[in-house]
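User: Hi! I am new to reading protein models, and I would like to go through this one with you step by step.

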Amino acid sequence: MEVRMEIEAYEYTAGPLGDRWLNEIKQGRLTAAKCPSCNTIFLPPKLYCPKCRSRVVDLIQLGKGKVEYMITVGVDDEGKELDHPAKVAIIRFPNTFGGLVHYVSDDVEEGDEVLPEFREERRGSITDIVRFRKA
Ligand SMILES: [Zn+2]
C-alpha cells in the first residue's frame, strides 16, 4: 500500500498562510489556522475557512495531539523500503477540524497523546517534524 502524507501535496500550494505555517514549523512551533468569523480551528491551514468560507489570517499554536488511528508501514512515502517498520498515525487536536498524518514513535498506541519532535536543523517543511512522540 502506498502511503502519502497529506501535507506533501499541500507543499505545492502552500500560499501565503501555508508559507507562514511552514515558517512557524521552522521556528519549532506547530500551529493551526483559526477562522476570524466562526472561530473554527483547522489543520492543515487553508486561506478560506472550511466551514464558513471566510478568509483566514490567524495561526494559533497547538498543544498535544491524540492518535486516532495508526498503521505500521514497511516503506517510506516514496515507496523505498525502510530499515525497520515505522508507525504512521492520524493525529487530531482538541477542538480542531482536520488533523495531520505523520510518523509516531514505536511506543505510541492509538489513543495516546503526542507532541511533535522537531529536528535541530529546520528548513520550513513538515519533515522538520521527525515524528510525534508520547506527550
Ligand atoms: Zn469560519
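User: In which loop does Arg53 lie?

Analyst: Happy to start there! This is a predicted model, where local features need pLDDT of at least 70, side-chain atom pairs count only at pLDDT 80 or more, and totals for chains, interfaces and linings use all residues. Residues are numbered from 1 along each chain as its sequence is written. Helices (H or I, at least four residues) and strands (E, at least two) are DSSP runs, numbered from the N terminus. Arg53 lies in the loop between S2 and S3.

User: Does Arg53 count as buried or exposed?

Analyst: A residue is buried if 20 or more other C-beta atoms lie within 10 Å of its own, exposed if 12 or fewer, and partly exposed in between, with C-beta atoms placed from the backbone. Phi of Arg53 is near 70 degrees, a positive value in a residue other than glycine. Arg53 has 11 C-beta neighbours inside 10 Å, so the residue counts as exposed.

User: What is the average pLDDT of the chain?

Analyst: pLDDT is the predictor's confidence in each residue, from 0 to 100. Confidence is lowest in helix H1 (residues 6-12), with a mean of 51, and highest in strand S8 (residues 113-118), at 98. In the chain, 90% of the residues score at least 70, and the average pLDDT is 90.

User: How many helices and strands does the chain have?

Analyst: Let's walk along the chain from the N terminus: the elements run α-α-β-β-β-β-β-β-β-β-β. Buried residues make up 24% of the 135 residues. The count of elements is 2 helices and 9 strands.

User: What is the order of the strands in the open sheet of 4 strands?

Analyst: Two strands pair if DSSP finds at least two bridges between them. S1 and S3 run antiparallel and are joined by 4 bridges, while 2 bridges join the antiparallel S1 and S2. S2 and S6 run parallel, with 3 bridges. Pairing in this sheet is mixed, and the order is S3-S1-S2-S6.

User: Which strands stand at the edges of that sheet?

Analyst: An edge strand here has a single partner strand, so one side of it is left without a neighbour in the sheet. The strands that fit this are S3 and strand S6 (96-98).

User: Which residue in S2 is the bridge partner of Ala33?

Analyst: Other bridges help you find your way: Thr31 has Gln61 in S3 as its bridge partner, and Ile41 stands opposite Thr96 in S6. For Ala33, the bridge partner in S2 is Phe42.

User: Which residue takes a positive phi in the hairpin of S1 and S2?

Analyst: This hairpin has 6 residues between the strands. The residue concerned is not a glycine, yet its phi is about 65 degrees. With 11 C-beta neighbours inside 10 Å, it counts as exposed. The residue is Asn39.

User: Which residues does a cis peptide bond join?

Analyst: Look in the loop between strand S2 (41-43) and strand S3 (58-61), where Pro44 lies. The omega of the bond is about -10 degrees, and the residues joined are Leu43 and Pro44.

User: What span should the 12 residues of helix H2 have?

Analyst: The expected span of a helix is 1.5 Å times one less than its number of residues. In helix H2 (residues 15-26), the end C-alpha atoms are 16 Å apart, which agrees with the expected 16 Å.

User: Why do the buried residues of H2 line one face of the helix?

Analyst: The buried residues of H2 are Trp21, Leu22 and Ile25. An α-helix has 3.6 residues a turn, so residues three or four places apart point the same way. The arc is that of the directions from the helix axis to the C-beta atoms. Seen down the axis of H2, the buried residues line one face because they fall within an arc of 95 degrees.

User: Which exposed residues does the face of H2 turned away from its buried side carry?

Analyst: First, the buried side: what covers its residues includes S1, S3 and strand S9 (129-134). The face turned away carries Pro16 and Asp19.

User: With which residues is Arg131 in contact, leaving aside its neighbours within four places in sequence?

Analyst: Two residues are in contact if their C-beta atoms, placed from the backbone, lie within 7 Å. Arg131 is found in strand S9 and, with 17 C-beta neighbours inside 10 Å, counts as partly exposed. Its contacts beyond those neighbours are His102, Tyr103, Val104, Ser105 and Glu117.
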